[in-house]
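Open the structure in your viewer and keep the sequence panel beside it. This tour says what to select at each stop and what is there.

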Amino acid sequence: MSDAAKTPPPGRALWEITTKCDLRCDHCLVDAGAAREDELTTDEALDVVDQLAELGVRAVSLTGGEPLLREDWPLLARRVREHGMILRFSANGHHLDDDALAVLVELGCERFAVSVDGLEATHDRVRHGPRGVRGVSSFQRVVAALERLRPTPILSNAITAVGRHNLGELPAIHELLKGLGVAEWMVQLAHRTGRLRSPKEGEGSAAPLDPAQLPELEAFLVGAARDPLLQPFVHNSIGYMGRSEPVLRSSGRRGPARFWTGCRCGVASVGIAPDGGVKGCANQIGAPFVVGHVRTERLRAIWEDRARWHWLHPAPEAMGPGCRGCALARICQAGCTALSFGATGHLFDNPYCLRRLCKAGAPEEP
């Protein structure tokens with residue numbers, strides 16, 4: 001049996017179907033706003049759905065930009081379901097009106113995620129969205145979307161990108177989301193990708209955390225992991241071999257305690273960019289993460305060419321200065337590659353490592 005035949009398919013696909021968006025969020029990973037001129041056509045996008053099914057993907061998450069602003073989204077969503085794949089959405093919540101919700105319910109959408117970036121004043125300061133004719137804020141629209149989802153079979157999810165702007169609001173956000181019946185709350189780090197790419201731009205209202213602030217975030221997450229109603233789902237950008245790693249990696253998840261064993265983007269997941277670029281996940285943007293293109297190759301060929309997924313299983317000598325020599329580097333593989341690359345320009349030199357901070361006794365600046 002060939003190596004390609006032994007390659008299992010990714011469990012999920014994270015697909016940015018457009019960069020079109022009515023918001024200009026300070027921490028947007030893809031610098032969304034206008035649609036890209038080279039976005040996949042409807043026929044091309046439908047073919048991508050077919051290829052995902054052929055590859056054996058179980059769940060497809062449509063995101064953006066704002067996916068509900070792509071006019072053919074119902075066609076893509078319906079094709080996903082026709083293949084028997086699980087359908088998920090991640091959006092800003094502004095466009096989940098009655099018509100869109102009816103389509104999603106009819107298609108059997110499993111879950112719909114919206115971003116909650118703080119309490120009202122903080123969320124709106126980060127989002128820079130239109131207030132509308134009645135002065136309804138972005139925060140109010142997100143809350144309305146979660147309330148609209150509550151009586152439906154669709155699970156409501158929330159995503160919070162943690163930065164200096166909202167770290168102190170996490171307990172209040174937690175209580176808010178519990179009151180809204182949110183099924184899953186993903187907590188991740190805002191990091192230097194997209195609009196936060198340069199440190200100068202990152203000093204605005206959604207600036208990433210200083211590594212020195214990670215223990216405060218860790219303490220909140222460890223405490224919230226005991227909540228019987230809503231345990232935060234700790235994103236892969238947080239953690240790495242500290243004392244609380246089993247708690248962080250297991251919070252919000254079923255099954256036994258876990259610990260970080262390296263990046264799974266390109267193993268458990270595949271990402272599709274609006275122009276058809278293939279990468280590991282939605283957090284990996286542009287070079288050096290795009291490893292192929294569905295306009296020039298079939299997705300299966302890209303996936304099964306394991307040599308392209310260059311960030312997986314790095315050699316010890318590939319580690320950056322901060323991770324080189326660490327006794328756990330071979331297991332950890334420097335944490336989230338997108339976070340590391342945004343912070344240091346190196347795939348395997350991650351200053352947002354709780355073990356490194358603990359051992360050093362002092363924070364390191366990215």
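## The whole chain

Of the 366 residues in the protein chain, 56% are buried. This is a predicted model. Show the chain as a cartoon and count its parts: the secondary structure comes to 13 helices and 10 strands. Along the principal axes, the C-alpha atoms fill a box of roughly 55 × 55 × 40 Å. A compact globule of 366 residues would have a radius of gyration near 21 Å, and the 20 Å of this chain agrees with that.

Now switch to a surface view. The chain exposes about 15500 Å², and carbon and sulfur atoms supply 53% of this area. Contacts tell something about the fold as well: among those between residues at least 6 apart in sequence, 67% join residues at least 24 apart.

## The sheet

Select the strands. The 10 strands form an open sheet with mixed pairing, and their order is β7-β6-β5-β4-β3-β2-β1-β8-β9-β10. Which strands stand at the edges? They are β7 (232–234) and β10 (292–293); each has a single partner strand, so one side of each is left without a neighbour in the sheet. Strands of a sheet pair through backbone hydrogen bonds, in either a parallel or an antiparallel sense.

Next, select residues 59–63 and 86–91, which are strands β2 and β3. They pair in the parallel sense over 4 bridges. Pick Val-60 and look for its bridge partner in β3, which is Leu-87. Then add residues 73–82, helix α3. This helix lies across β2 and β3 and runs at about 150° to β3.

## Strand β8 and its two neighbours

Select residues 269–272, strand β8. Are its faces covered or open? Both are covered: Ser-269 and Gly-271 on one side, and Val-270 and Ile-272 on the other, are all buried. In a regular strand the side chains alternate between the two faces of the sheet.

One neighbour of β8 is strand β1 (residues 12–16); the two run parallel and are joined by 4 bridges. Leu-14 has Gly-271 in β8 as its bridge partner. Another neighbour is strand β9 (residues 277–279), which runs antiparallel to β8 and is joined to it by 2 bridges. Here Ile-272 stands opposite Val-278 in β9. Follow the chain from β8 to β9: the hairpin has 4 residues between the strands, and Gly-276 takes a positive phi near 95°.

## Salt bridges

Show the charged side chains. A search of the whole structure finds 26 salt bridges; a few are visited here.

Select Arg-148 and Asp-98, which form a salt bridge with the closest N and O atoms 3.6 Å apart. The pair links distant parts of the chain: Arg-148 is in helix α6 (residues 138–149) and Asp-98 in helix α4 (residues 98–107), 50 residues apart. Arg-148 counts as partly exposed at 31% relative accessibility, while Asp-98 counts as exposed at 57%.

Move to Asp-210 and Arg-164, whose side chains meet in a salt bridge at 3.3 Å, N to O. This pair too links distant parts of the chain, 46 residues apart: Asp-210 sits in the loop between β6 (184–189) and α8 (214–224), and Arg-164 in the loop between β5 (155–162) and α7 (170–179). Asp-210 is partly exposed at 24% relative accessibility, and Arg-164 is partly exposed at 34%.

Then select Glu-175 and Lys-178, a salt bridge with its closest N and O atoms 3.0 Å apart. These two residues are 3 apart in helix α7, so about one helical turn separates them. Glu-175 is partly exposed, with a relative accessible area of 49%.

To finish with charges, select Asp-47, Glu-54, Arg-298, Arg-300 and Glu-304 together; they are linked in a network of salt bridges.

## A buried asparagine

The last stop is Asn-350, in the loop between α12 (337–344) and α13 (354–360). Is Asn-350 buried or exposed? Asn-350 is buried, because its relative accessible area is 1% and the cut-off for buried is under 20%. Show what surrounds it: leaving out residues up to four places away in sequence, Asn-350 touches Tyr-240, Cys-323, Ala-334, Gly-335, Cys-336, Leu-339, Ser-340 and Arg-356. For a final distance, pick the C-alpha atoms of Asn-350 and Ala-13: they are separated by 25 Å, and the residues are 337 apart along the chain.

Notes: Residues numbered from 1 in each chain as written. Predicted model: local features only at pLDDT ≥ 70, side-chain atom pairs only at ≥ 80, totals over all residues. Heavy atoms only, no water. Pairing = 2+ DSSP bridges. Contact = heavy atoms within 4.5 Å. Axes fitted to C-alpha atoms, helices over the stretch in contact; angles between N-to-C directions. Salt bridge = Lys/Arg side-chain N within 4 Å of Asp/Glu carboxyl O. Buried < 20%, exposed > 50% of the residue type's maximum accessible area, 1.4 Å probe, protein only. Rg over C-alpha atoms; globule rule 2.2 N^0.38 Å. Areas by Shrake-Rupley, 256 points an atom, 1.4 Å probe, with all protein chains shown as cover.
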